[in-house]
Amino acid sequence: MDRRSFIKKAGLGAGGAVAASTLAAPAIAQSTTDMVIVSTWPRDFPGLGIPAQRLAARIAELTEGRINVQYFAAGERVGAFDSFDEVASGNAQAYIGADYYWKGKHPGWAAFTAIPFGLTYTEMDAWIKYGGGQELWDELAGEFGLKNFAMGNTGVQMGGWFNKEIETADDLKGLKMRIPGQGGDVMAKLGASPVSLPGGQIYENLVSGAIDATEWVGPFNDYFMKFYEAAKYYYFPGMHEPGAQLALGMNATFWNSLSKTDQEIIKAACAEENAATMAETNANNGVYLNKLINEHGVELKEFSDEVYDAFGEAAQEVLEEAMDHSPLSKKIFEAVVSARQDIGSWMSISDISYSIKRNRVLGISK
């Protein structure tokens, strides 16, 4: 299935798409509130852009037109990485993206997407909802005039696409790799040159040789990016994003102007899409990994323990530097470390132990 066919089947192709604001026209005249949403991903972008569009449409539908949603993909109103300032300034009411893109504004933002050796989806979901994560997110976002909610997750990501084998940490030296967030900082400490590029620009840079490697998400998302045309080594597991949390970030003034009912609707729509995106990703990753290997000759490779140990040492340095930034940054990252220990220790004897033993008994292998 090519990318266009995929989009048509998803019901979001250019010919069949409708503006989110037209999806739920009210039966009678009523006052409406405009909500301009800007995204960090291109329109009809498999795996990330489509869930963003889905959320925008769902907010319009559930509010029965009280919130008039206008959705703009990356580049349609502002550039992908300009979304934060567009919303913080009040020029738009919300963005959909990955908050680690804003770590240059405050390192604490990385904690609410993913940090190297951080939280998996299950652990992140527990921390945000019941471990104080949302409250810390509110505190950080409040300093920038924002209000944020989780609206999707990619799960444990792949380690990336490389045009050469990575057998030791020395093989990373001099490598130009597209990798944002603290994962990029880890790579820099190991001698690589991290590059931050929006999703729509990665393929052309990889094909041209401007970059030697890239991470993106996982087989479901990566298949449609056609990275296999430029790099054949596909490494796992990704240390950089073990459960990348996606976000709806709203201008706080806009959020506070909404009725309690509409606030609850937006929260519910985000929670619905958060679960849907993860389920959709898990349902498709195995299918598309098989396609990459069997149809395109991709070589699946596992990072060695030596490479992973090097990742771990560098990740600890990056974490300590982020903690040193400010009292709030220290509080946020200490909370993540605590959640990683407390929730992670339970996961090690529940989901993880069960999966390992089940797969051994049934012969399920990678």
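Strands are DSSP runs of E with at least two residues, numbered from the N terminus. The structure described here is a predicted model. Two strands of this kind, β9 (233-236) and β10 (245-251), are joined by a loop that holds E241.

E241 has a relative accessibility of 2%. Buried means under 20%, so E241 counts as buried. Several residues surround this glutamate. Setting aside neighbours within four places in sequence, E241 is in contact with Y100, A114, G155, V156, Q157 and E215. Two of these partners also make polar contacts with E241, side chain to side chain. The contact with Y100 is 2.7 Å. The contact with Q157 is 2.9 Å. T63, by comparison, lies 34 Å from E241, C-alpha to C-alpha. The two residues are 178 residues apart in sequence.

A second glutamate, E123, sits in helix α4 (residues 121-130). E123 is also buried, yet has no salt bridge. The nearest side chain of opposite charge belongs to R340, 7.7 Å away. A salt bridge requires a side-chain nitrogen of Lys or Arg within 4 Å of a carboxyl oxygen. The side chain of E123 does have a polar atom 2.9 Å from the backbone nitrogen of T120. Beyond four places in sequence, E123 touches G118, I343, G344 and M347.

I343, G344 and M347 lead to helix α12, where they are among the buried residues. Helix α12 covers residues 327-349, 23 residues in total. At 1.5 Å a residue, helix α12 should span 33 Å. Its end C-alpha atoms are 34 Å apart, so the two values agree. The helix is not without a bend: α12 turns by about 25° at I343. I343 is thus named twice here, as the site of the bend and as a residue touched by E123. Other buried residues of α12 include L328, S329, I332, F333, A335, V336 and A339. The buried residues of α12 pack against α4, α5 (133-142), α6 (181-189), α11 (305-323) and α13 (351-362).

One of these partners, α11, has 19 residues. From first C-alpha to last, α11 reaches 27 Å, close to the 27 Å expected at 1.5 Å a residue. Its buried residues are V307, A310, F311, A314, A315, V318, L319, A322 and M323. The cover over these residues includes α6 and α12. Helix α6 is also among the elements that the buried residues of α12 pack against.

Technical notes:
Residues numbered from 1 in each chain as written. Predicted model: local features only at pLDDT ≥ 70, side-chain atom pairs only at ≥ 80, totals over all residues. Heavy atoms only, no water. Helix = DSSP H or I, 4+ residues; strand = E, 2+ residues; numbered from the N terminus. Buried < 20%, exposed > 50% of the residue type's maximum accessible area, 1.4 Å probe, protein only. Lys, Arg positive; Asp, Glu negative; His and termini not counted. Polar contact = N/O pair within 3.5 Å; in protein donor to acceptor, adjacent residues only side chain to side chain. Contact = heavy atoms within 4.5 Å. Expected span 1.5 Å × (residues − 1). Bend = angle between axes of the 7 residues up to and from the residue.
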